[in-house]
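Subject: Structure for you to look at

Hello,

Here is the structure I promised to pass on. Please open it first, then read the notes below.

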Amino acid sequence: MQIILASRSTRRRKALRQIVSRFRTLAVAEPVRAKGKSLVAKTRYLALAKAKAASKRFPRAIIIAADTLACCKGKLMGKPANATAAIRMLKRMSAQRLDAVTSIAIKKPDAADFVVWSEYGWVRFGVLKADEISAYAHSGRWKGKAAAVNVEEKPVQGWIEKKGGEQGAVIGLPLKRIQKELRKCC
């Protein structure tokens, strides 16, 4: 059975490889705007849109799509456009909690509907020092990363003080339920 991961994310590919040895990735066009008011509604809309687009191209494959949004102090923390935006985000997250929601959409080949759900996770940052933020921002490691940081990389010693919830939601692909869903059809 062919499995398609509808994502451009290297983190999602790396995560999925932990439970699936063979799959293909497909970068699908994402809607410019997510519909919905809450993080859950927005991520569900985007994950489902990705899954539907991939399903049209591969109707007989298992499709896995996901979307993650992160929020700190009531502000959405997307992917920074440049080092200045990354610095601004990191300063906002200093000594704060970053909440993440990842929604997943799976389409099984014989199913009429998509299975869609959401997972929640969070990390609490320690105090981020100005020199550490600057060095990190100038390293370019923030590029392509929501909230300017990949918590798995442990960007700077001591930045992450605490973690909670489903950490797969923070990195962008919660594996426990995906594995259960795949067992049902494979």
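Start at the N-terminal end of helix 3, which is capped by Asn82. A side-chain oxygen of Asn82 lies 3.2 Å from the backbone nitrogen of Thr84. Please keep in mind that this is a predicted model. The chain averages a pLDDT of 90, and 98% of the residues score at least 70. Confidence is highest in strand 1 (residues 3-6), at a mean of 96. It is lowest in helix 5 (residues 167-171), where the mean is 88.

Helix 3

Helix 3 spans residues 83-93. Which of its residues are buried? They are Ala85, Ala86, Met89, Leu90 and Met93. Looking down the helix axis, these buried residues fall within an arc of 135°, so they line one face of helix 3. On the other side, Thr84, Arg88 and Lys91 are exposed. Thr84 therefore appears twice here: its backbone nitrogen faces the Asn82 cap, and the residue is exposed.

What covers the buried residues of helix 3? The cover includes three strands and a helix: strand 3 (62-72), strand 5 (97-107), strand 6 (115-125) and helix 4. Just after helix 3, Ala95 takes a positive phi of about 60°.

Salt bridges

The count comes to five salt bridges. As background, side chains of opposite charge can pair when their charged atoms come close.

One of the five pairs Lys50 with Asp67, at 3.0 Å from N to O. Lys50 lies in helix 2 (residues 39-57) and Asp67 in strand 3, so the pair ties together parts that are 17 residues apart in sequence. Both Lys50 and Asp67 are buried.

Another joins Glu181 to Lys108, at 2.8 Å from N to O. Glu181 sits in helix 6 (residues 175-185), and Lys108 is in the loop between strand 5 and strand 6, so this pair ties together parts that are 73 residues apart in sequence. Glu181 is buried, because its relative accessible area is 3%. Lys108 is buried as well, with a relative accessible area of 15%.

Glu181 has a further partner in Lys184. Their closest N and O atoms are 3.3 Å apart. Glu181 and Lys184 are three residues apart in helix 6, so about one helical turn separates them. Lys184 is exposed, with a relative accessible area of 63%. Lys108, Arg177, Glu181 and Lys184 are linked in a network of salt bridges.

Lys145

One more lysine to look at. Lys145 lies in the loop between helix 4 (130-139) and strand 7 (160-165). Is Lys145 buried or exposed? Its relative accessible area is 9%, so Lys145 counts as buried. What is Lys145 in contact with, leaving aside its neighbours within four places in sequence? The contacts are Arg11, Gly78, Lys79, Pro80, Asn150 and Glu153.

Best wishes

Terms used: Residues are numbered from 1 along each chain as its sequence is written. This is a predicted model: local features need pLDDT of at least 70, side-chain atom pairs count only at pLDDT 80 or more; totals for chains, interfaces and linings use all residues. Side-chain values use heavy atoms; hydrogens and water are left out. Helices (H or I, at least four residues) and strands (E, at least two) are DSSP runs, numbered from the N terminus. Buried means under 20% relative accessible area, exposed over 50%, partly exposed in between (1.4 Å probe, protein chains only). Contact means heavy atoms within 4.5 Å. The arc is that of the directions from the helix axis to the C-beta atoms. A polar contact is a pair of N or O atoms within 3.5 Å; within protein, one must be able to donate a hydrogen and the other to accept it, and residues adjacent in sequence count only if both atoms are side-chain atoms. pLDDT is the predictor's confidence in each residue, from 0 to 100. A salt bridge is a side-chain nitrogen of Lys or Arg within 4 Å of a carboxyl oxygen of Asp or Glu.
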